[in-house]
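Here is a set of short exercises to work through with the model open beside you. Try each task before reading its solution.

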Amino acid sequence: MLPVAARYAGSRVQRVEDPRLLTGQGTFVDDVVRPGMLHACFVRSPLARARILSIDVSRALELDGVAAVFVAGDLNPDVREPWFSTTGKDVPDTPRPPLAEGEVRFVGDPVAVVIARNRYVAEDAADLVDVEFEPLPAFASYTDANGANERIHDGYAANVAGQMGGGNGDKVRAACETAAHVVSETIYQQAYAAVPMETRGLVVEWAGGELTMWAATQASHEVRAVASRLLGLAENRIRVVARDTGGGFGQKTLPLREEMCLMLLARRVPAAVKWIEDRRENLIGAGSARHEHGTATMAFDADARILAVAIDHVQDVGAYPTPWPVGVAAATGLLFPGPYRVPLADWSTTTVFSNTVGRTAYRGPWQYETVAREMMLDIAARRIGIDPVELRRRNMLGADDMPYANPNWMTYDHMAPIQVFDKAIELIDYESFRHDQEVARSEGRYLGIGTSSYVEPTTAAMNHYGSEGATIRIEPSGAVNVYLAGGSTGNSLETAAVQLAADALGADIADVNTIQGDTALTPFGAGTGGSRSGSMIAGAVAVTAQILRERIIAIAAHRLEAAPEDIELADSRASVRGTPAKSLTLEEIARIAYLDLGSLPPDTPAGLEASGRYRAEAPVIWANATHVCTCQVEAETGRVTILRYVVSEDCGPMINPNIVEGQIAGGTVQGIGGALFEHLAYDADGNPVSSTFVDYLMPTMAEVPLIEYGHIETPGPGAGGYKGVGEGGAIGAPPAVINAVADALSPLGVTITRLPLNPAAVVALITEARG
Amino acid sequence: MAEMEIEMKVNGRSRRAVVEPRLTLADFLREECHLTGTHLGCEHGVCGACTVLLDGDAVRSCLMFAVQADGAQVTTVEGLGSPDALSPIQEAFRDHHGLQCGFCTPGFIVSVTAFLRDHPAPMVEEIRSALSGNLCRCTGYQGILAAVQAAVSDPAPTTG
Amino acid sequence: MKPAPFTYHAPTDLDEAVELLSELGDDVKVLAGGQSLVPMLALRLTAFDHLVDVGRIDELRGIRADGDALWIGAMTTQASVERSSIAAGAVPLLSRATPLIGHFQIRNRGTVGGSVAHADPAAEYPAVAVTLDADLETISVRGRRTIPARDFFLGTWTTQLADDELLVGIRFPVWAGRTGFAVEEMAQRHGDFALAGATVAIALEGQTITRCSIGLFGLGSTPLRAPVDGLVGARPADVAGKEIGDAAVAALDGVPSDIHASGEYRTRVGAVMVARAWASAVEEAGRG
């Protein structure tokens, strides 16, 4: 590929999405209206576990305005092949019936679905569906379920969905025996979730033997693939359209059971059907995340250098996890060594069912490795009696160490963790904070500082994630359209695509538009997930634009009687180097390509349209960051106030710094929420107790700090050197906050091993430490 | 349960409809008026995505019934600017990356419009406190706060 | 999340309203600002055949001096109280509690009477009414009556109001002389219901406390008055805020526990809130 002058990439270009979104002109799934459209409402289990004795839908069907009521017997038998591209066809996936069959396994488990004139009537009818339940003993807690005789799913003894491990346990134990310092703690993280501001939703319409769906999704093509497999319907009979999607963060990566129901029932109703999940459904039924614990062990030599680390990890996956959760758990073990020089490691992971909502993907699904490691390093530093920053400096990898194979055979490359760390420490002015902290302590105020560093495998090239396609059409007027699978849920992929394409074609950005999210128009692509979009669309645009660039240059050179190598493209104009007066606009070139074919050079095809497919150049692209948080803790009330927050990261060159910083900030604040506020909680009987926004507490503008950024650029092994940055903020933030609180309370002898740190938990920790 | 006839001015235009009393103002705006910029993020009055101006006051349109707004003047996000003519506050949000997915954005735009009208020169803590009734899950509020501060320091041309 | 069907009534005067409430029996609910009722309807935690919207009754609105009290109409919005200089001058505690209620969009619709009649034990206005010994004026077809705020609250969301009875207005006594008022609450986030909160009102003559009242909210099924034994006649300089706080919560029982905080936490922090409110009320009275 020829190097292309970057005029737009790297700068804070205004977003092309904004004018419509700022004025209420976006098109979210709930904005879609179809002729005669009906509305769905699910009847959900009020019990954590029960046998379904009978379902009587007659009263519901009698209600004026009700079109249909479906139960498991109506929909489930139609399922052909329910598998996801991320997992593949051959992995023995966990159960996932569209509607509950015979038994309900969590509060919110869909039992029936009502189709009615509008959502109001559908809810009225849902209240009239009579379901007779026989309660069964439920496992509200995955730790109780783990190893129990009573089974949540047949075929899963001890309620274990799967186990994996590294097999180095003996070696690590031996290393611990001779180590100068061994630190071991069990660290528990509460459940919290993605909670996009737009809930899930889908409109399905079966007409003329074709299924059209308007979806709130991160991956239109995967929704199409799932529907195709589920229904046994050819992919070219299915169209999925996603225009604007109101946040996803992993929750909208894959269709869940409700969406499967909609796909299945589309053929049985006379009109389009809309399902918009309400917020309570979202908080009880759209999936949980985090919720795991692990016993972590770290052995150090007398100089506080790491000799070995180990994590024995157990995660809750609820009743119906999506996707197959066992593989993701392995990443938690494999990444536990993090950005440190660790000669030896062991890990094990156990994935356990419970009678709670299923685990779904959430921004950095293996985040627990960073939570456990970074909390442990601070605990270790206090036990050893070394400054936590110094402990990290002694052990952290730098650019000179790359490539570096971690003890779990993950080969890191294209990273400079210690340089990123040092930048963060410099930005926060660590020494002067320590001084302020001393002064504050002498006045009885508790200030603290915490850091968190991680490495993140972005842009993983597994399965369908390994390639990305683009089609670029320069229309006869010279207007440019870039077609990409997309999947933007706020991550600005339209703007990024337009920036990249304008640069690649030498076009004025105002001449470039992009069309994304519609499977009927766009090339196959895996959507957003795994922090892959920046790199992959950059590659797709680059390989595709290159075809057109050569053609544009050929036409211009021929018409301007210059050598192709002397043609320059900029501002939608091709000109002859050194003779700027000799030039053609993109519009003139497009006119030749489509309308004045006689002026084309010989051997140059007509038209200016090309498709290309980029294949990832590396199995993963490593990104990394260090978060530093300072806080004040009010011991009387347990209130934590964040004072400063620094994120220093290396996501390679930035396509658009605004977008990068926006991703970091959004992820970071989700992580702050997870550390201090958010808890998707259940009571002892398995009833969800945070099913509204009155109880599920996300940070507001009043709770969040200003976030300061440091950027280190180590180009990655892919298009433009770009790395992923979508998930990192959510991974790095919780331990930085927790470590800051722990540091603040260290004079009181507090050790933090359970989350979240809401005010009551902080006061309890202090009380406990004071004895 | 009888349906009722109501009339209100929405974005300056008279709207008449026969509605069920239980129809929320938010659903009335979205479904009867086809003004889908008013978003429903929670339907229980916490997230603020459905904020509209009712006789000039910012209110949650999910927490009132359309029949209660009979005779009122309602302004939705669509009434504050258009893609070709953004309001100064909308411009500031664009300039400062004050939105990502855009779902919560209409509620913020309406809330900020009312807040800055009543508090033309707020301190940063007042901004934070005033906007704590609007939830955003994408931006971490960084760009939103910057946008509001910019809209304060860069006042719009004086209007009558 | 859509409410069940109901019939809507919007009377324009009090007589019509009480007639309706009387006729419609026990499946009727008064709709005031709706900021608590509508979410409960939307979540279908509750449902009524009839809603009587009292928002179009002008007699229910207003803030005015009424002898040695301030009268506030039940349908006066919280935002109106927040903006009212009359309220700020006459009943500072009410004004200071107002910005702690929800968010400004909520206060634009939420009403004084709605908040009091809804009787959430963690809400600010019921605590202010109880602290100041406000009188609640009600009306029904059986006539008008006045209920002392301290008798009004029976439990979580439960009051003395009969099904056919409407809250008309609230008379908040105006404390004269050198007074100090403060409200302190601990909420997890800005605008959340308090995990624990306290209100303090005191009056001084010379260096002596002549009158004082301490209210607690979020610490039981209703707003509470804490005992103030021995405080009247004492000098503020001789009593420690921490001891007052500890004494205020000493006899509490049934302090609620939930996922946000244990009863133990609420009690402990309730004492802290009392101590803080005490300190700032004393400071204000001392300046007077």
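**Exercise 1: chain B and chain C**

In this predicted model, 24 residues of chain B are in contact with 23 residues of chain C. Work out which elements of chain B build its side of this contact, and what classes of residue are found there.

Solution. Start with the elements: strand 4 (57–60) and helix 4 of chain B each supply at least two residues of the side that touches chain C. Next, rank the contributions: strand 4 of chain B gives the most, with four residues. Finally, sort this side of chain B by class, which yields 10 nonpolar, nine polar and five charged residues.

**Exercise 2: chain B and chain A**

Now turn to the contact of chain B with chain A, made by 46 residues from chain B and 44 residues from chain A. Which helix of chain B supplies the largest share of the side that touches chain A?

Solution. First list the candidates: helix 2 (88–95), helix 3 (105–118), helix 4 (124–130) and helix 5 (142–153) of chain B each bring at least two residues to the side that touches chain A. Of the shares on this side, the largest is that of helix 5 of chain B, with four residues. To complete the picture, count classes on the side of chain B that touches chain A: 22 residues are nonpolar, 18 are polar and six are charged.

**Exercise 3: a pair of helices**

Describe how helix 11 (residues 368–384) and helix 12 (residues 388–395) of chain A cross.

Solution. Two packed helices are described by the angle between their axes and the distance between the axes. Here the axes come within 9 Å and cross at roughly 110°. Angles of 65 to 115 degrees count as roughly perpendicular, so helix 11 of chain A is roughly perpendicular to helix 12 of chain A. The crossing of these two helices is right-handed. For the contact itself, helix 11 of chain A uses Leu377(A), Asp378(A), Ala380(A) and Ala381(A), while helix 12 of chain A uses Pro388(A), Leu391(A) and Arg392(A). By class, these contact residues are five nonpolar, no polar and two charged.

**Exercise 4: checking a helix length**

Test whether the end-to-end distance of helix 15 (residues 493–505) of chain A agrees with its 13 residues.

Solution. At 1.5 Å a residue, helix 15 of chain A should span 18 Å. Its end C-alpha atoms are 18 Å apart, so the two values agree. Then look at the surroundings: helix 15 of chain A is mostly covered, with 13 of its 13 residues buried. Just after helix 15 of chain A, Gly506(A) takes a positive phi of about 65°.

**Exercise 5: backbone details in the loops of chain A**

Where does Phe249(A) lie, and is Phe249(A) buried or exposed? Do the same for Ser531(A), then locate the cis peptide bond that leads to Pro403(A).

Solution. Phe249(A) has a positive phi of about 55° although it is not a glycine, and sits in the loop between strand 11 (238–241) and helix 8 (257–265) of chain A. Phe249(A) has 30 C-beta neighbours inside 10 Å, so it counts as buried. Ser531(A), also not a glycine, has a positive phi near 50°; its loop runs between strand 21 (512–516) and helix 16 (533–560) of chain A. With 28 C-beta neighbours inside 10 Å, Ser531(A) counts as buried. Last, the bond from Met402(A) to Pro403(A) is cis, with omega near -10°, and Pro403(A) lies in the loop between helix 12 and strand 16 (404–405) of chain A.

Key:
Residues numbered from 1 in each chain as written. Chains lettered and ligands numbered in written order. Predicted model: local features only at pLDDT ≥ 70, side-chain atom pairs only at ≥ 80, totals over all residues. Expected span 1.5 Å × (residues − 1). Buried ≥ 20, exposed ≤ 12 C-beta atoms within 10 Å, placed from the backbone. Contact = placed C-beta atoms within 7 Å. Nonpolar A, V, L, I, M, F, W, Y, C, P; charged D, E, K, R; others polar. Axes fitted to C-alpha atoms, helices over the stretch in contact; angles between N-to-C directions. Parallel < 35°, antiparallel > 145°, perpendicular 65-115°, else oblique. Left-handed = near helix turned anticlockwise from the far one by under 90°.
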